[in-house]
Amino acid sequence: MSFLSLTLHLRPIAEGAILFFQNRYGIRSTQWNIEKPIAPDAPYATTFYGATNDYHFLCVDVLEASITSSLEAFVTFCKERNLPVKLFLAYDPESEYPKKDDVRIARSRGLGILEVNENGQGTLLFDALSLSLTGVRVDLEDFPPRYRTPVATAENTFKNGDPSKGCSQLYDEIEAVSRRLAQRTHRRKYWNNFSANRDFQGNWAPLMRVFMNELDESKCPTIPRTLLAQVYAISDPRNQSAHRPRSLRQLKERDRRLRTRFETARDLLLDLVRADQRTR
Amino acid sequence: MKETTASLDTLTEISVDKIKRNPENPRIFFRQNELEELIDSIRLYGVLVPISVFKEGSFYILIDGERRWLSSIKLNRKTIPALVQERPSALTNLLLMFNIHSLREQWDLLTIAVKLPRVISLLEQEHGRRPTEKELAGQTGLTRGIIRRCKLLIDLPAEYRSELLSELNLPKAKQKISEDLFIEIERALKTVERAMPDVIKEKDSVRRVLIDKYKSGVIQNIVQFRMIPKIARAKKLDVDNRKAERVLSKLLEANQYSIEQAYNDSVSEAYSEKDLISRIRGILDRLSTIDPRHLDEELRSALETLLDSIQKVLRKSR
């Protein structure tokens with residue numbers, strides 16, 4: 001491997017890191033790009049990068065000190081462009097770096113940390129998240145305490161590489177709250193047609209359609225029809241299909257779509273939770 | 001910024017892909033953390049000082065600015081501001097490197113030492129004789145002291161140069177051995193060879209013993225090596241030469257015997273005395289300049305105390 005700007009004593013770290021990721025992701029040795037940018041207008045070239053079988057960029061920067069502002073600029077670039085980049089920082093375990101602050105910054109940005117010892121063996125301290133998923137907006141503090149755990153769980157699932165499932169977990173919460181609201185408003189006779197035998201445990205989509213059509217807004221102004229329409233829109237599982245991406249372009253599009261879906265679901269859940277609080 | 005046509009001595013933007021490292025650049029170590037700082041600086045402020053290059057075919061060879069060039073590559077900059085200069089001769093190329101860089105931050109001495117024989121050889125070719133130390137200093141911008149230190153390093157066996165090179169590659173904080181260590185060892189051994197030629201049987205193994213003692217902490221700092229020549233010059237102090245030879249022989253063997261111990265076991269008392277005599281002579285010289293009629297009380301009291309102490313020592317010595 002021919003490195004230009006990487007100082008001599010760090011090259012074994014880079015080579016050890018290449019071997020580690022080669023084994024982990026099956027990237028062939030000829031597929032690594034040394035000190036090349038991932039895009040023509042990328043603001044920074046990491047020590048090396050490769051492409052995984054699921055179309056992610058796997059970028060590794062070998063560092064001898066703290067995370068630089070140039071690297072941070074690269075992270076921002078990837079997030080803004082919605083690039084599915086997994087960025088790892090590689091260090092010598094004998095080094096005084098990374099320091100606690102570096103680890104904190106790396107984790108908050110979704111960066112991975114790999115240590116490569118003098119024998120060229122790599123140890124993954126933290127895995128990297130795809131930068132196309134890490135920027136999702138959650139704002140946990142907006143939620144009442146009882147909802148923070150499930151929302152945080154959904155966030156972790158999303159960021160840890162299963163964005164579809166993360167969205168589903170939010171939908172599960174939305175379903176639970178919306179069923180509860182339906183039941184409560186029916187019991188208080190806010191519906192146009194009261195029925196003692198109504199089933200609130202059946203399929204969600206039909207229930208939401210009935211709820212939306214039957215709720216008398218004049219009796220329950222705290223739950224607008226538009227809110228129920230949004231819930232109904234996501235309740236149909238046919239709308240939730242997620243196909244496995246077959247190219248980088250499809251992966252970018254999927255991640256962008258799922259980020260939007262997650263944030264929309266998050267906002268919807270919050271609106272429902274507030275409506276739930278107002279109707280108590 | 002687009003690449004522009006380069007003419008001599010003008011500022012232009014050159015594609016970073018068309019630039020090549022100067023093979024004569026003595027700087028062979030780039031500390032990664034320094035490069036990372038430069039990268040951040042260039043990202044914020046750009047390349048403020050153009051690099052210097054000369055044209056060779058369709059490429060440009062660096063005269064000055066390798067780190068700026070590498071930083072620009074890391075930052076995915078397509079071009080870099082450069083001053084294109086006339087292609088220098090091999091000798092001028094090399095001397096330019098030395099002169100430019102000797103004005104800047106400290107190079108590792110070994111990087112200079114490695115290139116110095118080539119400078120000497122090129123100068124010899126040009127002038128038909130080896131340059132003197134003074135001429136070499138004038139041409140390279142280095143001081144004569146540095147040139148002498150470089151020569152000590154050049155004369156080291158290859159294995160030690162290699163060991164030093166590996167060490168110098170590391171960040172400063174991690175380096176256990178340095179050029180100064182080897183320089184002090186070589187100076188010390190030269191004096192021992194001259195003053196006590198029988199003590200050193202095999203110079204290479206003696207070097208290794210001293211390096212290992214330093215690395216293991218038996219010898220605690222580099223300055224202590226300066227005590228070795230003092231032991232070797234025992235004869236000049238009327239110290240038992242054979243005792244000094246025995247002490248040095250023991251020091252130069254693999255054991256836990258330190259330089260400090262060797263010094264204390266041989267010449268330390270003699271040097272203390274010499275030092276004391278020198279200070280006494282200094283005091284006597286000063287006293288001869290004092291007018292006794294204008295002695296102040298504090299000085300009088302100090303002299304009386306000194307007289308008392310001297311008399312006590314002399315009485316006990318009888």
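Helices (H or I, at least four residues) and strands (E, at least two) are DSSP runs, numbered from the N terminus. With that in hand, let us work through some exercises.

This is a predicted model, in which local features need pLDDT of at least 70 and side-chain atom pairs count only at pLDDT 80 or more, while totals for chains, interfaces and linings use all residues. Residues are numbered from 1 along each chain as its sequence is written, chains are lettered from A and ligands numbered from 1 in the order in which they are written, and side-chain values use heavy atoms, with hydrogens and water left out.

**Exercise 1. Place A:Gly120 in its chain and find out how covered it is.**

Step 1. Look between β5 (112-116) and β6 of chain A: the loop there holds A:Gly120.

Step 2. Apply the cut-offs: buried means under 20% relative accessible area, exposed over 50%, and partly exposed in between (1.4 Å probe, protein chains only). A:Gly120 has 23% relative accessibility, so it counts as partly exposed.

Step 3. Now look along the chain. A:Ala14 is 106 residues apart from A:Gly120, yet their C-alpha atoms are separated by 8.9 Å.

**Exercise 2. Work out the strand order of the sheet in chain A and name its edges.**

Step 1. Two strands pair if DSSP finds at least two bridges between them. Strands of a sheet pair through backbone hydrogen bonds, either parallel or antiparallel.

Step 2. Chain A has an open sheet of six strands with mixed pairing, in the order β1-β2-β3-β4-β5-β6. Its edges are β1 (33-34) and β6 (122-126); each has a single partner strand, so one side of each lacks a neighbour in the sheet.

Step 3. Zoom in on one pair: β3 (residues 57-62) and β4 (residues 85-91) of chain A run parallel, joined by six bridges. Here A:Leu58 has A:Lys86 in β4(A) as its bridge partner.

**Exercise 3. Do the same for chain B, then follow strand β5(B).**

Step 1. The open sheet of chain B has five strands in the order β1-β5-β3-β4-β2, again with mixed pairing. At the edges stand β1 and β2 (19-20) of chain B, each with a single partner strand, so one side of each is without a neighbour in the sheet.

Step 2. Strand β5 (residues 79-85) of chain B pairs with β1 (residues 11-15) in the antiparallel sense, over five bridges, and B:Ile14 stands opposite B:Ile80.

Step 3. With β3 (residues 51-56) of chain B, β5(B) pairs in the parallel sense over four bridges; B:Val53 is opposite B:Val84.

Step 4. Check the cover: five of the seven residues of β5(B) are buried.

**Exercise 4. Describe how chain B meets chain A.**

Step 1. Count contacts, meaning heavy atoms within 4.5 Å: 19 residues of chain B touch 31 residues of chain A.

Step 2. Buried area is the accessible area (1.4 Å probe) that two parts lose on being put together, summed over both. Between these chains it is about 1900 Å², with carbon and sulfur atoms giving 49%. B:Gln32, B:Glu36 and B:Lys74 supply 32% of the area that chain B buries against chain A, more than any other three residues.

Step 3. Search for salt bridges (a side-chain nitrogen of Lys or Arg within 4 Å of a carboxyl oxygen of Asp or Glu). The rule finds one across the interface; A:Asp61 and B:Lys74 meet in a salt bridge at 3.1 Å, N to O.
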